[in-house]
Amino acid sequence: MQIQELGIAVLWTFLYGYLIVASIDFGAGFFAFYSRYTKRDHLVNRLVKRYLSPTWEVTNVFFVFFFVGIVGFFPDTAYYYGTALLVPASVVLILLAIRGSFYAFANYGSKESTLYMFLYGATGLLIPASMSTVLTVSQGGFITETENGVFFDGAKLFTNFYSWTVVILAIVSVLYISAMFLLFYADKARDQNAVELVRKWALFWSVPTIIASGLVFFGLKSQAAWHYESILGGNWWWFAMSFLFFVIAVSFVYMKRNYGIAFLMVMGQFFMAWFGYGYSHLPYILYPYIDINGSVVNESMAVALVIVFILGLLLLVPALYLLLRLFLFDNDYVRGKRSSGKA
Amino acid sequence: MFQDPVLMSRALTALTLGFHVIFATLGVGVPLLILLAEFLGIRKKDPKYTLMARRWSRGYVVTVAVGVVTGTAIGLQLSLLWPNLMRVAGQTIALPLFMETFAFFFEAIFLGIYLYTWDRFKNPWHHMLLGIPVAVGALFSGFFITTVNSFMNQPVGFDIVDGRLANVSPLEAMFSPAMPTKMAHVLTSAILTSAFILAAIAAVQLLRQRRNQLDKMSIEYHKKGLRLTMTVALIFAIATALVGDFSGKYLAKYQPDKLAAAEWHFETSSEAELILGGWLEDDGQGGYEVRGALKIPYALSILAGGVPNYEVTGLNEFAKEDQPPLFVHYLFDAMVGIGMLLALISFLFVLGRYIKRLNQFSKPMLFAIAAGGPLAMAAIEFGWFFAEFGRQPWALYELMRTSEAATTSANVGWMLVAFAILYAVLGTVTVVVLSRLFKENPVGKELKQSEHRGEAMFADEV
Ligand code: HDD
Ligand code: HEM
Ligand code: HEM
């Protein structure tokens with residue numbers, strides 16, 4: 001494996017991590033608001049809180065890691081995407097800022113406020129929607145380079161049908177992933193009422209998830225033929241596996257058993273789709289301007305980044321394990337038998 | 001003006017960083033003070049210190065949250081507003097930026113654990129141990145980001161061959177000549193400021209003790225807090241001033257234009273005098289005349305080189321278009337002035353322990369401490385604005401101009417407006433939330449509860 005392949009694999013893996021943990025967080029925000037709105041918040045909100053409170057900042061770092069890492073490994077991304085995406089990325093930043101801080105305000109600060117919950121829930125859907133448009137942009141056709149610099153055709157993106165199918169896929173997947181996780185967590189907490197409610201959400205959102213996936217897949221043909229052909233030419237099996245994982249996950253939930261394994265299957269489903277998408281997208285990071293071979297950082301920096309990454313993992317993995325052990329795998333904590341121990 | 005991407009990018013960078021640095025500074029300093037209080041609480045078996053650690057960490061989470069979201073903003077804005085700069089920075093200085101994310105990870109993970117495990121362990125030392133990675137992670141994030149800024153001031157660690165970067169050495173770029181003084185000054189001033197902010201809160205409580213009808217225990221609590229924070233403040237005020245002096249020597253050697261602009265030192269000369277305050281008037285020959293300033297003989301030579309006959313480079317050695325703006329003089333004076341004042345306040349307070357006549361808790365003393373908190377934060381802002389404006393017109397010193405670094409997008413002005421509104425809202429709500437948080441849980445009430453249960457508790461909603 002060459003160093004640029006290693007680099008992109010690492011970054012893509014962290015983005016996958018963000019996809020999972022952030023979806024749980026984003027979706028939970030929406031469900032928390034929705035159940036408060038329908039006056040059922042007593043059923044799930046404690047559960048949501050118990051998981052999210054200690055972990056939300058960690059979720060954010062996955063995102064920071066990705067955008068810092070990609071500028072390090074492929075500095076051209078800063079130039080092209082940075083110039084082109086000023087407005088959409090600023091919108092994402094503002095939404096993230098509102099979300100993160102108002103979560104803290106509501107949770108650590110004063111008493112609960114429905115306004116704070118609304119901001120938290122609404123941003124949870126808007127952020128993945130706007131982030132997902134970067135995937136569409138990367139397929140090419142929206143950013144062009146001329147002698148006067150790099151330009152972004154925002155109007156074209158906004159009126160593009162394919163781009164909207166990606167947005168819809170992003171939103172419904174967030175709700176699906178989140179519901180599947182909460183189901184597992186509620187079951188672990190032996191909270192029967194919550195399990196029943198959340199199970200309905202999980203089943204409900206699985207349908208649009210799979211429909212939207214199909215739409216995006218076939219929409220690719222007219223939007224980015226180069227990518228579609230790359231998938232059909234030997235990379236289709238990733239997506240077949242993904243579908244298989246989906247069927248297993250939903251079947252378990254339907255049969256009301258093995259919620260833990262069902263969530264693992266969901267992670268597998270998105271793992272396959274995510275890496276199949278990414279692998280068939282290579283070598284391009286931005287079609288046709290940035291490809292990983294042409295725009296990789298100089299060798300000494302690349303080596304230094306890889307070394308730091310390995311050392312960093314040695315530090316990070318035990319720490320993450322400790323976090324999960326205390327808040328995810330500790331049955332007493334999950335069931336709320338321990339006092340929260342909050343400062 | 002609104003259409004000028006360079007100007008708007010500068011303004012938006014200044015706005016975001018100016019806002020972020022408030023929380024970043026507290027983020028570096030406060031965990032250390034929390035650890036110290038928790039340590040004293042366990043060591044002296046004094047629940048007041050333990051409660052102090054708990055209350056500080058409760059406020060700290062709120063400020064961390066704003067630090068995290070504004071930090072995320074600036075991290076991405078660097079690429080959005082300065083794409084050309086980051087294309088070069090990616091090749092040369094990406095290493096510490098990347099390391100910083102690991103420091104964030106580390107800090108974030110242990111902060112989550114630290115905050116939610118106050119009552120999980122039988123042995124209180126175990127909980128304190130979990131706080132150490134938080135403080136270490138915070139110090140390291142401050143350290144790594146400062147190396148990036150040092151590189152902008154002294155870009156080294158690469159060659160330029162035929163207009164392209166070659167022979168990049170990431171470690172050399174990270175440990176640039178600007179790094180040692182910058183890092184030390186940023187970290188010491190952050191701890192000084194955090195200590196003063198916490199002290200100011202306690203001082204305000206003591207000033208209002210009558211109106212808020214504080215009981216004896218609460219008064220004792222705040223006095224303990226003051227003694228702790230002011231001792232730390234004294235140590236780090238001295239350290240900050242010492243390192244600030246080294247920073248001056250660094251500037252004289254490597255960025256003489258910045259020092260000359262800060263001191264309105266136009267002609268190269270030895271036995272240079274330090275200029276405090278004042279204003280500039282045209283001397284009719286294209287130069288300036290300094291008016292109304294307090295001049296301290298030899299002091300600039302001593303600051304720059306350690307000896308009175310050191311030769312200090314004047315601003316006239318530099319081409320007009322390479323000179324930094326001259327108003328940085330006021331920023332520098334304000335920072336140094338506040339630094340001296342903070343050292344004096346904390347010195348008098350600590351001295352009051354040994355000299356009975358100097359009442360530590362007299363009204364004037366408490367007022368001075370209460371003012372010291374905001375002043376210290378102002379010094380941080382002055383210092384950064386001085387350092388950053390003083391580097392102009394360079395984004396990378398003598399390598400890339402700010403105007404070449406910026407984006408070409410025409411929409412930066414609107415983004416500036418949007419972020420200004422965002423920070424105004426965040427700032428306001430932060431203050432409201434923090435003050436409500438502590439008003440609803442007065443110290444007295446919490447102290448009584450902790451006597452009952454042998455520990456301090458928060459209304460537990462789970
Ligand atoms: C509480 C805050 C505080 C206080 C009291 C001081 N400083 Fe400072 N100073 C900073 C906070 C700061 C800072 C915010 O940390 C800066 C901005 C950029 C940097 O590297 O540190 C800074 C920069 C800075 C620089 C420019 C360094 C550079 O551009 O590379 C110099 C020469 C000094 N300081 C000197 C001093 C002196 C002689 C002080 C005497 C008391 C002093 N500072 C007090
Ligand atoms: C003197 C300048 C700075 C200092 C001392 C500093 C320090 C810190 C600290 C201590 C935090 C953790 C938040 C907290 O615990 O309160 C933080 C957050 C953050 N900072 Fe800064 N910072 C500075 C400038 C910058 C700059 C220029 C960037 C952009 C590269 C940046 C990027 C970030 C990011 C992305 C976060 C959020 C990390 C997370 O998601 O957990 N900071 N900063
Ligand atoms: C946190 C405290 C900081 C403050 C208050 C601050 C303030 C400013 C200001 C006022 C400017 C505009 C200067 C001008 O254009 O005249 C600026 C520019 C800039 N700063 Fe800083 N800065 C801080 C720290 C940092 C750090 C740690 C970094 C590096 C990672 C950094 C990177 C930049 C960049 C890239 C620019 C734009 C290029 C330039 O104007 O030279 N800043 N900052």
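The questions and answers below concern a predicted model and treat its ligand sites, one helix pair and two backbone features.

Q: What makes His20(B) a donor of the iron atom of ligand 2?
A: The NE2 atom of His20(B) is 2.1 Å from the iron atom, and the cut-off for a donor is 2.8 Å. His20(B) therefore counts as a donor, and the protein offers no other to this iron atom. His20(B) belongs to helix H1 (residues 5–43) of chain B.

Q: Why is Glu388(B) called a donor of the iron atom of ligand 3?
A: An OE atom of Glu388(B) is 2.0 Å away from the iron atom, and oxygen atoms within 2.8 Å of the metal qualify. Glu388(B) is therefore a donor, and the iron atom of ligand 3 has this single one from the protein. The residue is part of helix H12 of chain B.

Q: How do you know that ligand 2 lies between chains A and B?
A: A residue is near a ligand if one of its heavy atoms lies within 4 Å. Among the 24 residues around ligand 2, those that come nearest are Asn60(A) from one chain and His20(B), Gly71(B), Glu107(B) and Trp384(B) from the other. Ligand 2 is therefore placed between chains A and B. Helix H3 (56–73) of chain A and H1, H2 (47–81) and H4 (94–115) of chain B each supply at least two residues of this shell. H2(B) gives the most, with nine residues.

Q: What makes the approaches of Asn60(A), Glu107(B) and His20(B) to ligand 2 polar contacts?
A: The cut-off is 3.5 Å between N or O atoms. A polar side-chain atom of Asn60(A) lies 2.8 Å from an oxygen atom of ligand 2, and the side chain of Glu107(B) has an N or O atom 2.8 Å from an oxygen atom of the ligand. For His20(B), the pair involves a nitrogen atom of ligand 2, at 3.1 Å. Each of these pairs therefore meets the criterion. By class, the shell around ligand 2 holds 15 nonpolar, seven polar and two charged residues.

Q: How do you know that Arg10(B), Arg391(B) and Gln392(B) make polar contacts with ligand 3?
A: The side chain of Arg10(B) places a polar atom 2.4 Å from an oxygen atom of ligand 3. The corresponding distance is 2.6 Å for Arg391(B) and 3.2 Å for Gln392(B). These values lie within 3.5 Å, so the pairs count as polar contacts. Of the 22 residues around ligand 3, Arg10(B) and Arg391(B) are among the five that come nearest. H1(B) gives the most to this shell, with six residues, and the shell divides into 14 nonpolar, five polar and three charged residues.

Q: What makes His185(B), Ser189(B) and Lys182(B) polar partners of ligand 1?
A: A polar side-chain atom of His185(B) is 2.8 Å from a nitrogen atom of ligand 1. Oxygen atoms of ligand 1 are approached by the side chains of Ser189(B), at 3.2 Å, and Lys182(B), at 3.3 Å. With a limit of 3.5 Å, these pairs therefore qualify. The shell comprises 25 residues, of which 13 are nonpolar, nine polar and three charged. H8(B) gives the most, with eight residues.

Q: Why is Lys45(B) singled out for its phi?
A: Most residues other than glycine have a negative phi. Phi of Lys45(B) is near 50°, a positive value in a residue that is not glycine. Lys45(B) is in the loop between H1 and H2 of chain B.

Q: Why is the peptide bond from Gln392(B) to Pro393(B) noted?
A: Most peptide bonds are trans. The bond from Gln392(B) to Pro393(B) is cis, with omega near 5°. Pro393(B) lies in the loop between H12 and E7 of chain B.

Q: What describes the packing of helix H1 and helix H6 of chain A?
A: Helix H1 (residues 3–37) and helix H6 (residues 114–138) of chain A pack at about 145°, with their axes 8 Å apart. H1(A) passes H6(A) in a left-handed crossing. Residues that meet include Trp12(A) and Phe26(A) in H1(A) and Met117(A) and Pro128(A) in H6(A). The contact divides into 14 nonpolar, four polar and two charged residues.

Key
Residues are numbered from 1 along each chain as its sequence is written. Chains are lettered from A and ligands numbered from 1 in the order in which they are written. This is a predicted model: local features need pLDDT of at least 70, side-chain atom pairs count only at pLDDT 80 or more; totals for chains, interfaces and linings use all residues. Side-chain values use heavy atoms; hydrogens and water are left out. Axes are lines fitted to C-alpha atoms, for helices over the stretch in contact, and angles run from 0 to 180 degrees between N-to-C directions. Helices (H or I, at least four residues) and strands (E, at least two) are DSSP runs, numbered from the N terminus. A crossing is left-handed if the near helix is turned anticlockwise from the far one by less than a right angle, and right-handed if clockwise. Contact means heavy atoms within 4.5 Å. Ala, Val, Leu, Ile, Met, Phe, Trp, Tyr, Cys and Pro count as nonpolar, Asp, Glu, Lys and Arg as charged, and the others, Gly among them, as polar. Donors are N, O and S atoms within 2.8 Å of the metal (3.2 Å for Na, K and Ca); water is not among the atoms, so sites may look incomplete. A polar contact is a pair of N or O atoms within 3.5 Å; within protein, one must be able to donate a hydrogen and the other to accept it, and residues adjacent in sequence count only if both atoms are side-chain atoms.
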